[in-house]
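Biologist: Could you give me a close account of one part of this model, beginning with a single strand pairing and its surroundings? Please state the criteria behind each term, and close with any enclosed space.

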Amino acid sequence: MEVCNCIEPQWPADELLMKYQYISDFFIAIAYFSIPLELIYFVKKSAVFPYRWVLVQFGAFIVLCGATHLINLWTFTTHSRTVALVMTTAKGLTAAVSCATALMLVHIIPDLLSVKTRELFLKNKAAELDREMGLIRTQEETGRHVRMLTHEIRSTLDRHTILKTTLVELGRTLALEECALWMPTRTGLELQLSYTLRQQHPVEYTVPIQLPVINQVFGTSRAVKISPNSPVARLRPVTGKYMLGEVVAVRVPLLHLSNFQINNWPELSTKRYALMVLMLPSDSARQWHVHELELVEVVADQVAVALSHAAILEESMRARDLLMEQNVALDLARREAETAIRARNDFLAVMNHEMRTPMHAIIALSSLLQETELTPEQRLMVETILKSSNLLATLMNDVLDLSRLEDGSLQLELGTFNLHTLFREILSLIKPIAVVKKLPITLNLAPDLPEFVVGDEKRLMQIILNIVGNAVKFSKQGSISVAALVTKSDTRAADFFVVPTGSHFYLRVKVKDSGAGINPQDIPKLFTKFAQTQSLATRSSGGSGLGLAISKRFVNLMEGNIWIESDGLGKGCTAIFDVKLGISEGSNESKQSGIPKVPAIPRHANFSGLKVLVMDENGVSRMVTKGLLVHLGCEVTTVSSNEECLRVVSQEHKVVFMDVCMPGVENYQIAIRIHEKFTKQRHQRPLLVALTGNTDKSTKEKCMSFGLDGVLLKPVSLDNMRDVLSDLLERRVLYEGM
């Protein structure tokens, strides 16, 4: 037997493998037994989990597999038949459960795949919802920025503040590097850089408005991305090497300026736009987002609305300032006009008073001279002086009347009078002149013409005398007719309508003559002051050209109308006027029933023994008035001051003529003192008559308020003084010519 020197291993090769299998089966059994525990824990913790029975089946499969490996540990050594039987049973059960599990997975895997699909769909939906929520949050953020910007923009109505605030708020909200606004120039051919965010550019920088990039932006209402190198995007100097940020531009609609004049803005009637340019920071990867572009577009529209409001406000403010300037100018012009009117009236009043004093002397002395023995040549000269003086006095009256008519100070003095008697008096005044010219005058009063009427008797007589006087003056032959009737209707003038009522009517007076006539084209000039026609008759007749002008104003003051009709030169003319008069209630007797009767004193041709006191500071006027009264047979005493008058006046004096100088009321005080002197002997108080050259209404009112019995206007002729004394002694009151 051979001896072997080989080293025998500690573990035979099959035994080592058996050992490794033994250890592996042990750990496999432990792993299989731990998996069901974990599945049981998962199923217990899961509130909703489908296919629980599948998990139970799968757990049983794993437990059986683990049991098989565990039983297999006893098979590595000599074992009994029981172990082999258990091992065989475990493997059989494991095989059965494994097949059942495999068959079940064939049906379960499609369901599991559909669950996976739904899971993926839900994930996609969740992602889409996240995007929508992000969009909603972005829109909300954009809306918040828009509201904030709108509030800031509309917090003022100054367009410069609006535009500057817009750039600042956009720059802060969008974190811009630069933002600028280009405005159209006055010509509308260029855009001028007017506002920038960083104030890095001069305001005078301009670009042509026809650039392609500008046309591109103006052609749409959307914000447009433009090249950073375009002329309107060069908002900062290029220094160094860096990547320019993205630039967008949007148009800003400007208000139609055809209805507004805004300083320093183009006067355009077509639609124009401003250009807003926005630049993101340089050297950044930031890009414009959709919501940012929408924000820019909305802000541009809001700026357009705010600018329109500012333009309207600026125009209204400018109109208000212009209106205030006009009001100030009008007020200044009104004050200057009032000052001029007052100065004119004061001048006319002073001149009237001062001129009437010498006129009084001329007319009075001429009338006295006319009473003496004169040669025919001397009498003609005196009559010429007297006629010229009367004409000058009439001219002064006309000028004063016209002045008061123009400034509105002349008011009508309404009273009840006999209209028929008025026409007869006018006829008696005109007839002597007409008889000299051999012109017959006829008067025709309509049957329905009221006898007693309410109106201004003096002004109505002045109108009729002016018109009838012109007819006599401009007629060399033929006849003159005067007709008076109640106006029924009138279509002569479109702006004048006769509307009689129960309390008033319209009087129409027609004065027709066969004189020189008037050219139809010259008729409108007749009512212009100081205007005369060019006919020979007019030039040779004399006159100031004020009669018809004053008559027209008096007619207008009486709510009437006046016009002249003529077929031409040599065919005569007809003057027609309508005036509004009140209808008097009752007869003349009823009107005078309340007036106490005074015994009538016969009209005196001579006033012998009538003692008269004359008070006048002007020596010439005092002497002239005394001469008139002495010539009438009066015993005249003259004084030159109020104190002397008060000392001299006595009950022997029947009439006191006192000159009332202007202005003030000092000269009226003497009347009160005379009344006080005769308090106990009132029936023996002399009649007090103011002798004045002032013709305004205030003089009459002052005389009445201070107790004077009458007013006599200068100048006074001899015949006039005779009539005045007669009327004064008869009626014991006289307001002549006022």
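**The sheet and the largest cavity**

Modeller: Five bridges connect strand β1 (residues 178–184) with strand β6 (residues 273–279), and the two run antiparallel. Strands pair if DSSP finds at least two bridges between them; strands (E, at least two residues) and helices (H or I, at least four) are DSSP runs, numbered from the N terminus. The model is predicted, so local features require pLDDT of at least 70 and side-chain atom pairs pLDDT 80 or more, while totals for chains, interfaces and linings use all residues. Residues are numbered from 1 along each chain as its sequence is written, and side-chain values use heavy atoms, without hydrogens and water.

Within the β1–β6 pairing, Glu178 lies opposite Met279 of β6. These strands belong to an open sheet of six, ordered β3-β2-β1-β6-β5-β4 with antiparallel pairing. β3 (206–208) and β4 (224–226) form the edges, each pairing on one side only. On average, neighbouring strands of this sheet are turned by 30° against each other, direction ignored (axes are lines fitted to C-alpha atoms, for helices over the stretch in contact; angles run from 0 to 180 degrees between N-to-C directions).

As for enclosed space, the structure has two cavities of 30 Å³ or more. A cavity is a set of points, on a 1 Å grid over the protein atoms alone, where a 1.4 Å probe fits but cannot get out; lining residues have an atom within 4 Å of a point. The largest has a volume of about 50 Å³, volume being the space filled by probe spheres set on points joined across faces, edges and corners. Four of its lining residues, the largest share, come from α8.

Notes. On a 1 Å grid over the protein atoms alone, a cavity is a set of points where a 1.4 Å probe fits but cannot get out, and a pocket is an open set with protein on both sides within 12 Å along at least five of seven lines; lining residues have an atom within 4 Å of a point.
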